[in-house]
Amino acid sequence: MVSDLYRRLPHRSTLNRAALATAGAAALGIGYASLIERNAFTLREATMPVLAPGSATLRVLHISDLHMMPNQKLKQNWLRELDRLDPDLVVNTGDNLSHLKSVPAVVQSMGGLLARPGLFVFGSNDYFAPKPKNPLKYFKKEHRRVHGAPLPWADLRAAFTERGWLDVTHMHRELEVAGVRIDAAGVDDPHLKRDRYDTIAGPPNPLAQLKLGITHSPEPRVLDRFADDGYDLILAGHTHGGQLCLPFYGALVTNCQLDRSRVKGPSRWGAHTRLHVSAGIGTSPYAPARFCCRPEATLLTLVPAPREETRSGRGSAAVESAVLGR
Ligand SMILES: [Fe+2]
């Protein structure tokens with residue numbers, strides 16, 4: 001069809017051909033990103049040495065950024081299958097909703113996971129519906145937020161907690177899962193500046209074998225507080241892994257103050273603390289495309305840390321964390 005178009009052109013200049021080729025490549029890229037990669041759900045796996053020495057292994061399913069619409073059956077079916085992984089614990093780092101009527105779709109597709117031990121915090125897309133915005137705004141680290149209509153986050157919270165999941169927003173929760181004693185605490189969404197870390201400040205229970213911090217947006221100011229208090233692992237979402245990435249370069253933006261190198265996957269935050277950022281499962285309905293950044297859930301296998309990395313083995317880890325930089 002493109003070659004017919006060429007023949008009908010009065011002047012087959014190189015410029016015209018180049019413009020047509022560019023437009024064709026762009027159309028193909030947009031089609032691939034919005035129709036194929038956005039629905040190419042994948043499970044990523046990682047092993048993280050964050051538990052106290054001698055602990056049993058703990059399998060944690062980290063899900064984030066569902067951005068669920070009621071009619072997204074592919075996503076719902078894939079979510080339903082995640083229960084087959086048989087995780088010990090599920091952690092949901094927020095942004096579940098994209099529509100006022102999405103709560104039933106989220107709860108039903110996560111039915112099996114909700115029957116397991118679970119922890120959660122909410123993100124901006126649990127509180128407010130998305131609105132169209134200029135994509136160039138993502139390149140500004142601090143841009144004015146555009147909120148849509150209020151979302152039924154309280155209904156979602158009620159559904160999660162009714163099934164036994166624990167909301168860790170500005171709370172410490174102590175639980176034992178698969179023989180591992182956990183002290184978990186979280187903050188409300190730092191992207192909305194709703195984080196009040198002082199409400200959970202202080203060292204977690206030293207007897208816990210996993211000291212777990214949870215936040216929707218991995219804002220460095222929050223990560224620093226968790227690290228300084230001695231948390232072993234911080235789980236976050238929000239970045240969508242950059243969502244539109246370049247081959248051999250990676251994410252263009254993180255949509256927060258986090259550096260691009262930590263936009264998704266495991267990394268360190270200081271001498272002691274490890275960070276895991278999920279690239280998330282969904283997208284805003286107003287930016288329905290992913291490129292070089294498939295939608296994901298992550299199965300984290302948590303294992304004991306080497307003795308020299310544990311806080312008890314290095315009394316001044318908080319100081320080291322500040323000195324070594326990130
Ligand atoms: Fe999100």
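Two open sheets in a predicted model

Ile234 stands opposite Leu275, a residue of strand 13. This pair can serve as a starting point in the model, which is predicted. Ile234 lies within strand 9, covering residues 233-236, and Leu275 within strand 13, covering residues 273-277. Strands 9 and 13 run parallel and are joined by four bridges.

Strands 9 and 13 belong to an open sheet of six strands. Read across the sheet, the order is 6-7-8-9-13-12, and the pairing is mixed. Which strands stand at the edges of this sheet? They are strand 6, residues 172-177, and strand 12, residues 265-269. Each has a single partner strand, so one side of each has no neighbour in the sheet. From one strand to the next, the twist averages 25°.

A helix also packs on this sheet: helix 8, made of residues 220-228. Helix 8 touches strand 8 (210-214), strand 9, strand 12 and strand 13. The direction of helix 8 makes about 145° with that of strand 13.

Now turn to another sheet. This open sheet has six strands in the order 1-14-2-3-4-5, again with mixed pairing. Its edges are taken by strand 1 (42-51) and strand 5 (166-167). Because strand 1 and strand 5 each have a single partner strand, one side of each is left without a neighbour in the sheet.

How is strand 4 joined to strand 5? Two bridges link strand 4, residues 118-120, to strand 5, and the two strands run parallel. Here Leu119 stands opposite Leu166, which is in strand 5.

Key:
Residues numbered from 1 in each chain as written. Predicted model: local features only at pLDDT ≥ 70, side-chain atom pairs only at ≥ 80, totals over all residues. Pairing = 2+ DSSP bridges. Axes fitted to C-alpha atoms, helices over the stretch in contact; angles between N-to-C directions. Contact = placed C-beta atoms within 7 Å.
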